Amino acid sequence: MSMLVTAAEAARREIGSAFSGQLIGPEDAEYGDARSVYNGMIDRRPALIARCTGPEEVARMVAFARKRELLLAVRGGGHNGAGLGTCDEGVVIDLSPLNEVRVDPDARTVRVGGGCTWGEVDRATNEHGLATPSGIISTTGVGGLTLGGGLGHLTRKYGLAIDNLLEADLVLAGGERVRVSADEHPDLYWAIRGGGGNFGVVTSFLFRLHEVDTVIGGPTFWPVELGAEVLSVYREFLPNAPRELNGFFAFHTVPPAPPFPGEIHLRKVCGIVWCYLGGEEDAAKAMAPLLDALPEPLLHGVHAMPHPALQSAFDGLYPPGDQWYWRADFVKEVPDVAAELHAKFGAEMPTMKSTMHLYPVDGAAHDVSPSDTAWSYRDARWGAVYAGVDPDRANVDIIRRWSIDYFEALHPYSAGGAYVNMMMDEGQERVRASYRDNYDRLARIKATYDPYNLFRVNQNIEPKT
Ligand SMILES: Cc1cc2nc3c(=O)[nH]c(=O)nc-3n(C[C@H](O)[C@H](O)[C@H](O)COP(=O)(O)OP(=O)(O)OC[C@H]3O[C@@H](n4cnc5c(N)ncnc54)[C@H](O)[C@@H]3O)c2cc1C
């Protein structure tokens, strides 16, 4: 490409009128907004952002990047902590116009565009009293969350997001369009369920739906000083609780705003964020063994709410643009010494938004074996994430330091690998450790479908012939 022609200009000339989406380059007024992603710490400047409106346009942009040997990033919801939905200098395929959601209440399925956020999906399915497992924040992209696995409020009852993925439509590195399912391209269907965006651009997902309408949800908080005690009771309680009850352990600082009572504003707390599928009385019964074993909490804010309300309960606290630095690990057990270390780091959270979550990986997530999908850690009990968060760039160093120190202190008590969706850019060995025995099979499938590693802005699986 001539040095005098920008990538955006070259794309306009080559693809021009056949493209009904937007081609945005640094010379365009929208560029500033278009290049920003959820994590304010990520400041990348792509040469071209292509907002594609359909699979044909995605295929054209894949070919454009491949022919010109430009780095190619694919953006779903733009939420990735490591900023893997964008890149410097290359092409970003921005899927945000692909946001159609079609619910089939009779078949109990939902077809979802590759650029949807979970909020869009949850609202549409809730109109029919249905839902599919996702995460805990509604602004997260369906694309990245699903392809990496998908841990959330419905995991214990209905499994990971990938356990409910029936079909996906992909554009491959060579530009071909394929549908993958248990019957079509089963190798790819296996690989995309956990293998991230390594194998192609997913333009459409088909998920199974379940009867989930009103849920019993919200937090129970104790003073952070009780961190080790609450965690010790929780670690015994949760694996034996009914699958209808999901509860992730958390350290937080109570936000200084309603609905939280004024007397606990800005107080550091530990606790559990619940989601029960059923009635209020049954929820209380299911939580009772834990609540009875612990002192009176500061807050037990659990009540009936529509599923999308629980899914968006954290949205206000965590808007786009904050600085995020996080580390993660899978955990099989929490010995006393680890519980004490958690309590120490919980008490030392450096900013109001910094947090630690232990997401349950059990119940229905354990019904699938480690080799049934690419997502290997079916024998973990929790996915731990240590997230330093703050709106102020000046605090980047302190949030990064806390997350890394916390991770390094607890890593010896982990299962070894991490949930790829909650890793930063931590290198090839860490990616391999997270896929364990599935890595070599993934590398062979990668060699078949993307031998030149066109899709490498991700937790990368290198092709192995
Ligand atoms: C505030 C917050 C809360 C979160 N909560 C949860 C949670 O509860 N549960 C959970 O499991 N995870 C959670 N995550 C992690 C989340 O799953 C990852 O950050 C995920 O990568 C986000 O997906 P995205 O599409 O928004 O990201 P993007 O940055 O757009 O993309 C991330 C990666 O996925 C690829 N990708 C995205 N869409 C497609 C597609 N359609 N086709 C091919 N590749 C694609 C991209 O190329 C990139 O490599 C959370 C993240 C944040 C920031």
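Me: What comes right after α1, and what sign does phi have there?
Reply: G16 follows α1, and the phi of G16 is positive, near 25 degrees. Helices (H or I, at least four residues) and strands (E, at least two) are DSSP runs, numbered from the N terminus.

Me: What kind of model is this, and how are residues numbered?
Reply: It is a predicted model, with residues numbered from 1 along each chain as its sequence is written. Local features need pLDDT of at least 70, side-chain atom pairs count only at pLDDT 80 or more, totals for chains, interfaces and linings use all residues, and side-chain values use heavy atoms, with hydrogens and water left out.

Me: Back to α1. Which residues there are buried?
Reply: A7, A8, A10, A11 and I15, in a helix that runs over residues 7-15. Buried means under 20% relative accessible area, exposed over 50%, partly exposed in between (1.4 Å probe, protein chains only).

Me: Why are they on the same side of α1?
Reply: They cover an arc of only 160 degrees around the axis, so they sit on the same side of α1. The arc is taken from the directions from the helix axis to the C-beta atoms.

Me: And what do they pack against?
Reply: β1 (22-24), β2 (48-51) and α3 (55-67). Contact means heavy atoms within 4.5 Å.

Me: New topic, the ligand. How many residues surround it?
Reply: 34 residues do, and V74, G76, G78, L151 and Y419 are the closest. A residue is near a molecule if one of its heavy atoms lies within 4 Å of it.

Me: Which backbone atoms come up against ligand oxygens?
Reply: A backbone N or O atom of V74 lies 2.7 Å from a ligand oxygen. For a backbone N or O atom of I136, that distance is 2.9 Å. A polar backbone atom of V457 is 3.1 Å from an oxygen atom of the ligand. Polar contacts are pairs of N or O atoms within 3.5 Å; within protein, one must be able to donate a hydrogen and the other to accept it, and residues adjacent in sequence count only if both atoms are side-chain atoms.

Me: How much of the ligand does the protein cover?
Reply: 97% of the 940 Å² of accessible area that the ligand has on its own. Areas come from the Shrake-Rupley method with a 1.4 Å probe.

Me: Which elements give two or more residues to the shell?
Reply: β3 (72-75), α5 (142-148), β10 (201-208) and β17 (323-331). α5 gives the most, with four residues.

Me: What about T155, buried or exposed?
Reply: T155 is buried, at 1% relative accessibility. This residue lies in α6 (residues 155-158). A polar atom of the T155 side chain is 2.8 Å from the backbone nitrogen of G152. Beyond neighbours within four places in sequence, T155 contacts residues including N246, P360 and D362.

Me: Where is F199?
Reply: In the loop between α7 (186-192) and β10. F199 is buried at 1% relative accessibility. Not counting residues up to four places away, F199 touches residues including L170, L442 and F455.

Me: Which peptide bond is cis?
Reply: The one from P258 to P259, with omega near 10 degrees. P259 lies in the loop between β13 (245-253) and β14 (268-276). L266 is also in the loop between β13 and β14. L266 has a positive phi of about 65 degrees, although it is not a glycine.
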